[in-house]
Amino acid sequence: MFIDKLEIENIITHLKRGNIILYPTDTVWGLGCDATNADAIDKLNALKKRPNSKNLICLVSDFKMLQQYVEEVPEVAYDVLKYANKPTTIIYDDPIRIAENLIADDNSLGIRVARDPFLSKLLRSFKKPIVSTSANFSGEPSPKSFKEINETLKDKVDYISKAPDNSKFNKPSAIIKIGMDSSVKIIRK
């Protein structure tokens with residue numbers, strides 16, 4: 001797969017400015033921003049018209065990046081991710097080095113290790129997690145393709161990625177909560 005270096009540079013420029021991007025993820029088209037920038041997260045929530053109390057997830061490039069943003073990754077998480085047959089978001093306790101307004105009231109955060117080559121390259125180049133939430137206004141259905149995204153939403157983002165949509169799934173990820181005691185709870189299949 002060809003990965004457009006200029007497109008990655010364009011997205012990173014916008015992320016560093018605190019801008020909101022519209023981009024293809026390994027699941028559905030998403031809205032994103034720098035997961036360490038609290039102002040960008042507030043801006044994203046305002047754009048989506050969603051309450052700040054509703055949790056967002058973020059994407060990381062690999063296990064090494066995951067370990068930089070979670071105090072302690074439970075061993076069972078590696079097995080879950082290794083054998084997952086579709087994109088899987090895990091909710092971890094004790095996130096670190098992340099914007100405070102991204103962390104849930106119970107001190108947890110949903111993080112997905114991206115397997116898509118473009119996303120992995122983008123995340124490695126940016127060297128920080130990127131927020132990922134479906135490209136829709138709060139309460140509306142998640143679009144399954146770019147053409148289903150609300151035109152008003154497209155007009156309000158700072159940058160629309162020109163990266164190819166390589167998603168095979170076109171639906172949200174599975175979500176699993178893994179506790180420090182290695183307890184596993186399925187939130188969404």
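What radius of gyration does the protein chain have, with 189 residues, and what would a compact globule have?

**Figure 1. Overall dimensions of the protein chain in a predicted model.** The radius of gyration, taken over C-alpha atoms, is 15 Å, which agrees with the value near 16 Å for a compact globule of 189 residues; the globule rule is 2.2 Å times the number of residues to the power 0.38. The C-alpha trace spans about 45 × 35 × 30 Å along its principal axes. Residues are numbered from 1 along each chain as its sequence is written. In this predicted model, local features need pLDDT of at least 70 and side-chain atom pairs count only at pLDDT 80 or more, whereas totals for chains, interfaces and linings use all residues; side-chain values use heavy atoms, without hydrogens and water.

**Figure 2. Burial and contacts in the protein chain.** Of the 189 residues, 54% count as buried (under 20% relative accessible area, with a 1.4 Å probe and protein chains only). Among contacts (heavy atoms within 4.5 Å) with a separation of 6 or more, 69% join residues 24 or more positions apart.

**Figure 3. Close-up of P141.** P141 lies in the loop between β6 and α6 (151-156); helices (H or I, at least four residues) and strands (E, at least two) are DSSP runs, numbered from the N terminus. P141 counts as exposed because its relative accessibility is 69%, and exposed means over 50%. Y78 is 63 residues from P141 in sequence and 31 Å from P141 in space, C-alpha to C-alpha.
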